[in-house]
Each structure stands twice: as structure tokens, then as C-alpha cells.
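Okay, thanks everyone for coming. I'll walk you through one model today, so have the sequence and the viewer open.

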Amino acid sequence: MTREQHRPVTLLVMEERRRDEVYPKVVRAELESLTRWREPLTREQLASDPSALDGVEVLLSGWGAPQLDSVLLGHATSLRAVLVAAGSVRPLTTPEFWAREIPIVSAAAANAIPVAEFTLAQILLGLKQVHRISRELRERQAYPPDPRVAGGYRSKVGLLGLGEIGVLVASHLRNFDVEVLASDPVVDAAKAADLGVRLVELDELFSSCAVVSLHAPLLPETEGLVNGDLVARLEPGATLINTARGAVVDESSVIPVLAERQDLTAILDVTFPEPPVAGSPLYTLPNVVLTPHLAGAMSAERGRMGELVAAELRRLILGHPLQHAVAPAAAHLRA
């Protein structure tokens, strides 16, 4: 950055416990060199003193983001951009914010990387039915003579949702000899074909795929979308993976199906509520694999999101177009 370029007043507001992971020292040093840096705050500290936004031109955030309502926006009269080191911008945005037409950046592209990696690993395990066979082996204390599995050759893998993560998973799957099917009402057949994906209805997705992976955002129309009737249509030995949002699955109707269909495996990285309530069958069903939201960026992986924010800040200062700005019309599609 040349001396002539403006160094914007910048404030970071997010929860303290994850701050150093999302914005590690090397990223923080770069941000401080590019801007007139103010001491970071938490959402609660900002709420107690909204005047901290006076003169702030760039607001950075992550987990524990403040909601930009009329009170905070009343102090943020100099705000030029909001850069969020997280996937969703829903926690921050309000009608008052969108009315200001302030660009807002999401780091969903960075967070999508570990989710897609986790999903790919589980898809490949699911095609080999690793979880099912390993639990049957423990129960019988004997190796099965000739395990029957779908395998990774010409099997069908289903993706519910072709957003940022679904697209990345589809891209990874192009390296394997599988057929990828998807269901997404906002994606047309031409775009799907470019991804090497065939669009199908939900019924076909669940009845014909050896593995179905959920990547739909949580919207009124997707809440409880994956119900017991759909899961019951899964073929013998199939695997269901959810790394999206727990409420996309109607657990009250799905749990009885999983209890009856011990051949199925459910990999649930998200649940609703999260974590499941004490005594939930999800803890004890042998064919349910629970992981505590591990698919998303964890530990050092979170630094990718801070790096994306730093790169966007450089573009903003240089007057270049932002690459990860969220269009208002698409904001509700962020999970």
C-alpha cells in the first residue's frame, strides 16, 4: 500500500475466545498495517457503548457478531464496509443495514473448504459402508465372509443443495468414478451439467443414491424437509450425511426409521437442538454417528477466514472489486 492510499479506521467486534484463531498474529499484523486499528471489542462491549462505532469505516467480525440495528447504525455513519470471517451474515444484517447499501463480505468460501473435505471423507466411507460393517463386526465378533457394498465405482451419490459447499463437494467428486445427483430448486439444469451433476427430484435422490449428503440452507421451506418418509426410501446399507443445519432433518420422524432400519447409517455433524437433549435416541442408536459440528472450520482452519477478510480489505483499500460480497437477494440462502 502506498502512502497516498487511505488507511481506514477499522474495528474488530467478535467473541474473544475465538479471536486469535480466526485472526491469527500474522493476519492481525497485516490488518493493523493496512488500517488505523482500534482495540477489538466483544458484541457485549459494543452494546454497552455504541459510540465505539463513531468514525469506524470498516467493521470486521466473526463468531459473536453484533446485530447492526438502528441503534448501532446510528453511530456508524462513516461505515463503508463490513467484512465477516464466518459463513453466514444473517446474525449481523437487518432491514436497516441493507437499506444503507453497505457492502458486506462473507468468508463462506473459506469455511466451505473443511466442510467439503469432511463430507468427501464421509461419502467415500459411506460407499464402502465402513460404519455399518464395523459395527456388525463388533456385534458378531467375526468378519463377514463377503461384504456387499456400493463401492466407489459407478455408484450414485446425492447432494441436497448446490450452494457454496455443495458445489465444492461436487467438484471433489469429479475425481471419482461415481455419478452425482442433486436436488436444488434454485439451480438450473445447465449449471448442474457444468458441475457434472444431474438434477433430480427429492424422491429419486433418496431412493437411488448409496449416499445422500445434505447441504441445504435452513429456510422456512427446508425446515424438516428430510423426513422419515424420505429416509425410509434409502436403499439397503445407504448413508445419510448432514453437515448443513440440524433443523433441515425432521428428527421426530427420522429417528424411528433409523431405529428400525439398522442397515442405514446417519452421520450427523449437526442436530436440532444442538447438542441433542439428554436422553435423545441419537446418543444411543448404534447406526447414528454424532460429531459435534466438526465439519466446519476448527482450530487453525479458522485462520483461512481471517486471511480471506484481509485479502478483501486490501481490495477495498486499493479500489478493486470485492470478490466475496454478499448480494442482498442471496443473503437468506447462506446457511
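Let me start with a quick one: is F97 buried or exposed? It's buried, with a relative accessible area of 0%. Keep in mind, throughout, that this is a predicted model.

Now look at who sits beside it. If you search the whole structure for aromatic pairs, you get 1, and that pair is F97 with W98. The geometry is edge-to-face, with 5.4 Å centre to centre and 70° between the planes. W98 has a relative accessibility of 22%, so that residue counts as partly exposed.

Okay, on to the sheets. One of them is an open sheet of 5 strands in the order 2-1-3-4-5, with parallel pairing. At its edges you have strand 2, residues 36–37, and strand 5, residues 104–106, each pairing on one side only. Strand 1, residues 9–13, is joined to strand 2 by 2 bridges, and if you want a landmark there, V9 stands opposite R36. Then there's helix 13, residues 303–318, which lies across strand 3 (58–61), strand 4 (81–84) and strand 5, and runs at about 160° to strand 4.

Next, an open sheet with 7 strands, again with parallel pairing, in the order 8-7-6-9-10-11-12. Strand 8, residues 197–199, and strand 12 stand at the edges; each has a single partner strand, so one side of each is left without a neighbour in the sheet. On average, neighbouring strands here are turned by 20° against each other, ignoring direction.

What joins strand 6 to strand 7? There are 6 bridges between strand 6, residues 153–160, and strand 7, residues 177–183, and the two run parallel. In that pairing G158 stands opposite L181.

Two helices to point out on this sheet. Helix 8, residues 164–173, lies across strands 6, 7 and 8, at about 175° to strand 6. Helix 6, residues 108–127, lies across strand 6, strand 7, strand 9 (211–214), strand 10 and strand 11, and runs at about 160° to strand 9.

Strand 11, residues 265–268, is where I'd like to slow down. Side chains in a regular strand alternate between the two faces of the sheet. Here T265 and I267 are on one side, A266 and L268 on the other, and all of them are buried, which leaves both faces of the strand covered. On one flank, strand 10 (239–242) runs parallel to strand 11 and is joined to it by 4 bridges, with I241 and I267 as bridge partners. To get from strand 10 to strand 11 the chain goes through helix 12, residues 251–260, in a right-handed β-α-β crossover. Strand 11 also has 3 bridges to strand 12, residues 288–290, again running parallel, and A266 stands opposite V288 there.

Last stop: T291. Where is T291 placed? You'll find this residue in the loop between strand 12 and helix 13. Even in a loop, T291 is buried, because its relative accessible area is 18% and the cut-off for buried is under 20%. Leaving aside neighbours within four places in sequence, T291 is in contact with F118, L268 and D269. With D269 there's also a side-chain polar contact, at 2.6 Å.

That's my tour; happy to go back to any of these views.

Conventions:
Residues are numbered from 1 along each chain as its sequence is written. This is a predicted model: local features need pLDDT of at least 70, side-chain atom pairs count only at pLDDT 80 or more; totals for chains, interfaces and linings use all residues. Side-chain values use heavy atoms; hydrogens and water are left out. Buried means under 20% relative accessible area, exposed over 50%, partly exposed in between (1.4 Å probe, protein chains only). Two strands pair if DSSP finds at least two bridges between them. A crossover is right-handed if, with the strands pointing away from the viewer, the path from the first strand over the helix to the second runs clockwise. A polar contact is a pair of N or O atoms within 3.5 Å; within protein, one must be able to donate a hydrogen and the other to accept it, and residues adjacent in sequence count only if both atoms are side-chain atoms. Contact means heavy atoms within 4.5 Å. Axes are lines fitted to C-alpha atoms, for helices over the stretch in contact, and angles run from 0 to 180 degrees between N-to-C directions. Rings of Phe, Tyr and Trp (its six-membered ring) pair if their centres lie within 6.5 Å; planes under 30 degrees apart count as stacked, over 60 as edge-to-face and the rest as tilted.
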